[in-house]
Amino acid sequence: MRILVVEDEHKTASFIRKALQTEGLIVEVCPDGEAALAQCQTTRFDALVLDIMLPGRDGLSVLRELRLQGRQLPVLLLSARGEVNERVAGLNAGADDYLPKPFELAELVARLRALTRRGNESQTTILCVADLQLDTHTRQARRGRVEIQLTAREYRLLEFLMRSAGIICARMTLIEKVWDYDFDPGTNLVDVYIRRLREKIDAGFEVKLLHTVRGAGYLLKEPT
Ligand code: CA
């Protein structure tokens with residue numbers, strides 16, 4: 001089990017890390033929100049321990065962004081204040097549990113255990129478009145009986161296209177949602193990745209799923 005601890009206070013982060021490592025968990029620590037989001041893009045974590053008070057992007061905003069991206073991993077929020085309002089805001093933003101500081105490490109461990117147990121039972125989501133399947137928990141893709149290996153970025157591209165199945169995705173939308181750029185880098189980045197993805201999911205199959213809509217974008221859809 002891999003846990004990401006997002007906490008800027010070095011001492012607290014290090015206490016949490018040690019406690020979780022003692023439990024046999026793999027722990028990564030990240031001191032700020034933007035970096036945590038980036039880490040969640042590239043690494044699959046089983047849970048997040050997320051402090052609300054962070055420099056730059058705060059914990060609630062990180063949490064909202066993760067949920068907007070469709071990431072369902074269990075999140076345990078930490079708060080220095082423990083106010084009722086913050087608790088409600090945290091749960092509304094998609095937190096699974098909430099722990100006010102100061103807390104006992106044993107309680108943190110117990111709550112995290114409870115969250116990950118719950119998570120493992122219900123977390124698996126398999127996206128399907130025709131005979132193409134993507135397991136968002138294990139990140140395994142397959143077309144029919146063929147397993148497909150994807151890089152992290154290819155995975156994000158495919159997941160986004162599958163969640164948007166039947167809808168034309170403009171190049172700029174993909175640049176924003178898959179690469180997190182809010183500007184057009186002016187390269188053929190998207191085209192290159194679409195071509196790679198096509199090689200993996202469509203090449204060798206009679207029925208093609210990934211289509212280019214000239215002048216509009218890309219479309220993943222069930223054959224009609
Ligand atoms: Ca903090």
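This is a chat about the sheet, the helices on it and the aromatic rings in a predicted model.

Reader: Let's start with the sheet. What's the strand order, and is the pairing parallel or antiparallel?

Author: The order is β2-β1-β3-β4-β5, five strands in an open sheet, and the pairing is parallel.

Reader: Which are the edge strands?

Author: Those are β2 (26-30) and β5 (97-100), each of which pairs on one side only.

Reader: And what does the twist average?

Author: From one strand to the next, the average is 20 degrees.

Reader: How many bridges join β3 to β4?

Author: Four, between β3 (residues 47-51) and β4 (residues 75-79), and the two run parallel. Leu-50 has Leu-77 in β4 standing opposite.

Reader: Ok, helices. Which strands does α3 touch?

Author: Helix α3 (residues 59-68) packs on the sheet and touches β3 and β4. Its direction is at about 150 degrees to that of β3.

Reader: What about α1, which strands does that helix lie across?

Author: Helix α1 (residues 10-22) lies across β1 (2-6), β2 and β4. Relative to β2, helix α1 runs at about 170 degrees.

Reader: Switching to rings. How many aromatic pairs does the structure hold?

Author: Two. One of them is Trp-179 with Tyr-193, an edge-to-face pair with 5.2 Å centre to centre and 75 degrees between the planes.

Reader: Where do Trp-179 and Tyr-193 sit in the chain?

Author: Trp-179 is in helix α7 (residues 171-179) and Tyr-193 in helix α8 (residues 189-201). They are 14 residues apart, so the pair links distant parts of the chain.

Reader: Are Trp-179 and Tyr-193 buried or exposed?

Author: Both are buried.

Reader: Then why does the pair of Tyr-181 and Phe-183 count as stacked?

Author: Because the planes of Tyr-181 and Phe-183 are at 20 degrees, and stacked takes planes under 30 degrees apart. The ring centres are 5.1 Å apart.

Reader: And how accessible are those two, Tyr-181 and Phe-183?

Author: Tyr-181 counts as partly exposed, at 32% relative accessibility. Phe-183 is partly exposed too, with a relative accessible area of 46%.

Reader: Last topic, charges over rings. What sits over the ring of Tyr-193?

Author: The charged end of Arg-196, 4.5 Å from the ring centre. Tyr-193 is also the partner of Trp-179 in the edge-to-face pair.

Reader: And which residue lies over the face of Phe-205?

Author: That's Arg-143, at 4.4 Å from the ring centre of Phe-205.

Key. Residues numbered from 1 in each chain as written. Predicted model: local features only at pLDDT ≥ 70, side-chain atom pairs only at ≥ 80, totals over all residues. Heavy atoms only, no water. Phe/Tyr/Trp six-rings, centres within 6.5 Å; stacked < 30°, edge-to-face > 60°. Buried < 20%, exposed > 50% of the residue type's maximum accessible area, 1.4 Å probe, protein only. Lys NZ or Arg CZ within 6 Å of the ring centre and 35° of its normal. Pairing = 2+ DSSP bridges. Axes fitted to C-alpha atoms, helices over the stretch in contact; angles between N-to-C directions. Contact = heavy atoms within 4.5 Å.
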